[in-house]
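Thanks, everyone, for making the time. I would like to walk through one structure with you, going from single residues to a helix pair and then to the chain as a whole.

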Amino acid sequence: MKRLIGSVLFLLLSATAASAQQLDLGNIAGQANGSTVGYIVQLFGLLTILSIAPGILIMVTSFTRFVIAFSILRAGMGLPTTPANLILISLSMFMTFYVMAPTFDRAWSEGVRPLVNNEISEAEALEAISDPFRQFMVQNVRDRDFDLFADLAAERGQIDVSAENVDLRVLVPAFMISEIRRGFEIGFLIVLPFLVIDLIVATITMSMGMMMLPPTVVSLPFKILFFVLIDGWNLLVGSLVRSFV
């Protein structure tokens, strides 16, 4: 028993000594210099950007308009779970890549590729990458929304804001509320024909005395048939793509 206890204590002391040799924080802190700290800060910034990449995709691209229009279409047809969220989000994402392809190509060729080849600095690469997205948002933002945030920036003593030297802190929220508004405008035009079908079916069922039959149960097949006959997905996706400059 004493030999067993002595062996366990010897193993614990050996492991503690080995851990102390492997994790010598004093040596790590002593060897750190300016370049090492800068590299750590850059790595932390890169991880932060990667963690908020989905949010950036929503904020500065056409994704918002697509997903709002598709969600309102599903609600207007009376199908709360069909198509599934995964299908709608995937379709919105691929349509976003289709619309934003020229912007992504410019950001890659003018910013990412020169940075990888060590031809430009990180600051120059950041400006070159953000410039295509800035131009896309300026072309598609509503003037009224842009003027709202430009006036708010001026009231708070920030720099003069114009379409030529606009700051992303002003442009991104203006672009987002502009996309949300346009998504709801398109959604209203989508829902209107389905609302007419619901009203017609409700009037017919009430006139026939079928008080206990929900009109949505009867109108659902007609709405699906109507959407299929007019080739609704083709019209909707084509109209959404053409709505971007």
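Let me begin with a small point of orientation: in which helix does D151 lie? Before I answer, please keep in mind that what you have in front of you is a predicted model. D151 lies in helix α9, which covers residues 143-155. As for how much of this residue the surroundings cover, D151 has a relative accessible area of 46%, so it is classed as partly exposed, given that this class sits between the 20% limit for buried and the 50% limit for exposed. If we then ask about its place relative to another part of the chain, D151 and V170 are separated by 19 residues in sequence, while their C-alpha atoms are 9.8 Å apart in space.

A second residue can be described along similar lines, and here I take E185, which is found in helix α10. E185 has a relative accessibility of 37% and therefore also counts as partly exposed. Along the chain, E185 and I68 are 117 residues apart, yet the distance between their C-alpha atoms in the model is 10.0 Å.

That brings me to the helix pair. In general, two packed helices are described by the angle between their axes and the distance between those axes. What, then, are these values for α8, residues 122-140, and α10, residues 168-207? Their axes come within 10 Å of each other and cross at roughly 45 degrees. That angle falls outside the ranges for parallel, perpendicular and antiparallel, and α8 and α10 are therefore oblique to each other. As to the sense of the crossing, α8 passes α10 in a left-handed manner.

Looking at the residues that make this contact, α8 contributes S130, R134, F136, M137, V138 and N140, and these meet L168, L171, V172, F175, S178, E179 and R182 of α10. Sorted by class, the contact between α8 and α10 contains seven nonpolar residues, three polar ones and three charged ones.

Finally, stepping back to the protein chain as a whole, its secondary structure comes to twelve helices and zero strands. Of its 245 residues, 28% are buried. The chain exposes about 16,200 Å², of which carbon and sulfur atoms supply 70%. And if we consider the contacts between residues at least 6 apart in sequence, 75% of them join residues that are at least 24 apart.

Notes:
Residues are numbered from 1 along each chain as its sequence is written. This is a predicted model: local features need pLDDT of at least 70, side-chain atom pairs count only at pLDDT 80 or more; totals for chains, interfaces and linings use all residues. Side-chain values use heavy atoms; hydrogens and water are left out. Axes are lines fitted to C-alpha atoms, for helices over the stretch in contact, and angles run from 0 to 180 degrees between N-to-C directions. Helices (H or I, at least four residues) and strands (E, at least two) are DSSP runs, numbered from the N terminus. Angles under 35 degrees count as roughly parallel, over 145 as roughly antiparallel, 65 to 115 as roughly perpendicular and the rest as oblique. A crossing is left-handed if the near helix is turned anticlockwise from the far one by less than a right angle, and right-handed if clockwise. Contact means heavy atoms within 4.5 Å. Ala, Val, Leu, Ile, Met, Phe, Trp, Tyr, Cys and Pro count as nonpolar, Asp, Glu, Lys and Arg as charged, and the others, Gly among them, as polar. Buried means under 20% relative accessible area, exposed over 50%, partly exposed in between (1.4 Å probe, protein chains only). Accessible areas come from the Shrake-Rupley method with a 1.4 Å probe; for residues, only the protein chains shown count as cover.
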